[in-house]
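Let's work through a few exercises together, one step at a time. Keep the structure open beside you as you read.

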Amino acid sequence: MPTQKVDAPVTSSDFIKAYRVMLLARVLEEKLASLYRAGAIKGGVFLGRGQEALSVSVGFSLRKGDIFAPLIRDQAGRMAFGDTVLDTLRTYLGSQLGPMRGRDGNIHRGRPREGYYAMISHLGAMIPAVSGALLARRMKGESGIVGATCIGDGGTSTGAFHEGLNAAAVEKLPLVLVVANNQYAYSTPNSRQFACADLVDKAAGYGVAGHSVDGTDLEQCLATLRRAVRAARDGQGPQLVVGKLLRLVGHGEHDDASYVDPAMKASALGRDCLLLAEARIIAEKWSPADECAKWRQQAEEEVNATVDKVRREPAPDPEEDDWAAFSNQDFAEHYAGV
Amino acid sequence: MITYLEAIRLAQEKALSEDPRVFLYGQDVGNFGGAFKATKSLSKQFPGRVFDAPLSEDAIIGMAVGAAIEGMRPIVEMQFADFSTCGFNQIVNHAATLYYRTGVPCPIVVRLPSGGTSGGGPFHSQSMEALYAHYPGLVVMTPATVEDAYGMLLDAVALDDPVIFCEHKFLYYHLKADGLPETVLPVGKARLARAGRDATIVTHGAMLHEALAAAVELSEDGYEMEIVDLRTVKPLDTDTILASVARTGRLLCVSEEWPWGGVAAEVIARVTGEGFGLLDVAPMRLNAKDTPVPYHPDLWSVHRPTANAIADATRRLLHI
């Protein structure tokens with residue numbers, strides 16, 4: 001038996017730091033929802049309400065130089081990894097100054113050069129991409145790197161999930177694959193999505209380690225992700241983490257989620273991880289209630305000021321865009337007759 | 001003598017030896033040396049840089065994309081072009097969009113053993129160049145000679161953009177050359193494969209050789225065909241095509257792929273749009289028949305354009 005390393009415990013300082021990122025993500029997403037309702041956002045808005053504890057723990061457990069490919073409900077994880085209110089708003093509001101320059105929007109954003117990958121919509125596709133990145137790092141002689149990517153219960157049914165996780169397992173790559181089982185893939189419940197008792201059971205089939213966690217409990221999420229990321233970093237191969245929780249919003253802001261079972265909402269799964277974390281901070285006397293209120297106010301001020309700034313920024317100019325899909329400018333073709 | 005297939009192996013060997021960023025990943029490409037032996041002995045020569053993938057086209061391409069983001073230059077092999085449909089999503093939605101979306105280029109090479117051979121059947125014979133050329137952001141190469149198989153593959157590795165490298169299986173063994181070139185024409189430049197005056201045949205891949213044979217037959221009747229080998233179908237060298245049509249006034253496009261929305265259709269659209277006045281008669285195209293590629297050699301040899309079919313089509317174009 002190899003000696004089990006003991007991970008550092010989650011301290012109150014870790015907890016508060018992660019909580020404040022969750023809070024900022026929540027406040028930012030509340031603003032995105034209101035901007036969407038006001039018609040200020042073109043395209044969809046997809047929120048991570050109820051998933052912040054699991055998501056933030058992924059970003060929080062990674063370090064600079066790691067790779068992170070988040071999915072649609074990972075605002076908190078993105079910000080813990082280094083994404084900003086500014087880049088988020090620039091992408092949602094279509095500012096020319098954002099990382100995607102109006103060429104892609106909302107959650108399809110990233111800075112791949114900084115290890116922060118920009119998801120494509122096709123679920124599971126980022127799993128082999130992160131795996132290939134890890135393979136590249138290994139070939140370049142870098143060690144101690146971890147790549148993490150997130151997916152939902154629906155995404156586990158894709159071929160890309162299977163192919164990606166299997167290939168990563170074969171190569172024993174330091175991949176952490178985090179499944180937020182939020183009970184519904186758009187409107188489709190778990191019962192119509194998979195037939196195994198628990199998604200974490202799939203880990204055994206791929207020959208990778210599996211971790212289960214209550215996705216509403218921030219401390220558990222932080223401890224579990226810390227353990228999984230450390231195991232991957234130590235060379236123990238891919239780690240499959242499955243967090244159980246409930247999506248507390250619709251699939252997107254256009255969706256009233258009327259299909260969600262009321263009994264599930266009332267159950268432990270339906271608890272709001274942000275409120276639970278706040279209650280814990282106050283109960284443990286890590287910080288008084290008025291301090292938590294002040295943090296929210298600070299988050300609101302940052303978000304509102306950034307919205308004001310970004311709304312004054314230029315939209316992409318079709319006349320200025322080079323309309324080049326090739327990086328090699330010589331390859332641009334000119335189609336006559338249009 | 002060096003075969004087309006050996007040229008592909010040698011190009012990969014050269015790329016591996018000259019650029020530490022290059023690695024090879026695909027099914028059976030390691031110790032076994034590839035289904036067609038295009039990577040024979042490379043895993044021994046370059047330990048840790050040529051290795052087998054699981055039977056997972058989507059993962060193979062997806063991993064190449066991730067490795068490219070991290071600065072590597074992966075060459076991945078699809079065992080047959082036909083199976084690239086299982087990796088289609090990563091090619092067209094990830095590799096092809098990456099630069100436009102993020103400003104980060106995606107220098108991967110996807111090798112597609114393409115086109116028909118006798119007995120190949122519906123799932124080991126497809127020509128997919130038009131399908132990939134349809135998507136913005138992909139360079140699509142279709143080398144027709146041993147020299148180009150070698151030189152263009154090296155160019156493909158050097159490019160920052162993703163390249164779909166459609167190497168033709170029909171040419172693998174019987175197409176031979178005395179030596180390999182130091183350089184070939186620039187990427188995106190077509191080649192005048194035969195000078196002529198009576199009609200222009202625009203073609204690529206294995207069809208070049210059918211067209212050349214047809215030209216010999218027509219020459220015996222006193223007609224001289226000019227033949228343009230596209231080399232890359234995207235970018236498409238419209239200038240070279242138009243210059244040839246300006247000389248001949250007649251255009252036949254020959255392509256082994258299916259007709260609907262194919263390379264031939266695109267060439268004709270360009271020529272009629274940009275050079276309508278150069279044409280003396282309506283342009284023609286000759287493609288494979290619009291059915292799956294049949295297995296039986298007797299059916300297959302009629303399914304795809306042949307030298308005889310090209311000669312017949314050219315006679316119609318010349319009104320003889």
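The exercises below go from helix pairs to sheets, then to contacts between larger parts.

This is a predicted model, in which local features need pLDDT of at least 70, side-chain atom pairs count only at pLDDT 80 or more, and totals for chains, interfaces and linings use all residues. Residues are numbered from 1 along each chain as its sequence is written, while chains are lettered from A and ligands numbered from 1 in the order in which they are written.

**Exercise 1. Describe how helix 1 of chain A packs with helix 2 of chain A.**

Step 1. Two packed helices are described by the angle between their axes and the distance between the axes. Helices (H or I, at least four residues) and strands (E, at least two) are DSSP runs, numbered from the N terminus. Axes are lines fitted to C-alpha atoms, for helices over the stretch in contact, and angles run from 0 to 180 degrees between N-to-C directions.

Step 2. Helix 1 (residues 12-37) and helix 2 (residues 52-61) of chain A have axes that come within 9 Å and cross at roughly 120°. That makes helix 1 of chain A oblique to helix 2 of chain A (angles under 35 degrees count as roughly parallel, over 145 as roughly antiparallel, 65 to 115 as roughly perpendicular and the rest as oblique).

Step 3. The crossing of these two helices is right-handed. A crossing is left-handed if the near helix is turned anticlockwise from the far one by less than a right angle, and right-handed if clockwise.

Step 4. Now find the residues that meet: Ala18(A), Val21(A), Met22(A), Ala25(A) and Arg26(A) in helix 1 of chain A, with Glu52(A), Ala53(A), Val56(A), Ser57(A) and Phe60(A) in helix 2 of chain A. Two residues are in contact if their C-beta atoms, placed from the backbone, lie within 7 Å. By class, this contact of helix 1 with helix 2 of chain A has seven nonpolar, one polar and two charged residues. Ala, Val, Leu, Ile, Met, Phe, Trp, Tyr, Cys and Pro count as nonpolar, Asp, Glu, Lys and Arg as charged, and the others, Gly among them, as polar.

**Exercise 2. Do the same for helix 5 and helix 6 of chain A.**

Step 1. Helix 5 and helix 6 of chain A pack at an angle of about 20°, with axes 7 Å apart. That makes helix 5 of chain A roughly parallel to helix 6 of chain A.

Step 2. Their crossing is left-handed. Helix 5 of chain A contributes Ile127(A), Pro128(A) and Ser131(A) to the contact, and the residues from helix 6 of chain A include Phe161(A) and Leu165(A).

**Exercise 3. Which strands stand at the edges of the five-stranded sheet in chain A?**

Step 1. Start with the order: this open sheet runs 1-2-3-7-6, with parallel pairing. Two strands pair if DSSP finds at least two bridges between them.

Step 2. Strand 1 (67-69) and strand 6 (209-214) of chain A are the edges; each has a single partner strand, so one side of each is left without a neighbour in the sheet.

Step 3. Look inside the sheet: strand 3 (residues 175-181) and strand 7 (residues 239-244) of chain A run parallel, joined by six bridges. One pair to find is Val179(A) with its bridge partner Val242(A).

**Exercise 4. Describe the seven-stranded sheet of chain B.**

Step 1. This open sheet has the order 3-2-4-5-7-6-12, with mixed pairing. Its edge strands are strand 3 (50-52) and strand 12 (232-234) of chain B. The twist averages 20° from one strand to the next.

Step 2. Strand 4 (residues 73-77) and strand 5 (residues 109-114) of chain B pair in the parallel sense over three bridges, and Ile75(B) has Val109(B) as its bridge partner.

Step 3. Helix 3 (residues 57-69) of chain B packs on the sheet, touching strand 2 (22-26), strand 4 and strand 5 of chain B.

**Exercise 5. How many residues of chain A are in contact with chain B?**

Step 1. The contact takes 36 residues of chain A and 37 residues of chain B.

Step 2. Helix 5 of chain A gives the most to the chain A side, with ten residues. That side divides into 19 nonpolar, ten polar and seven charged residues.
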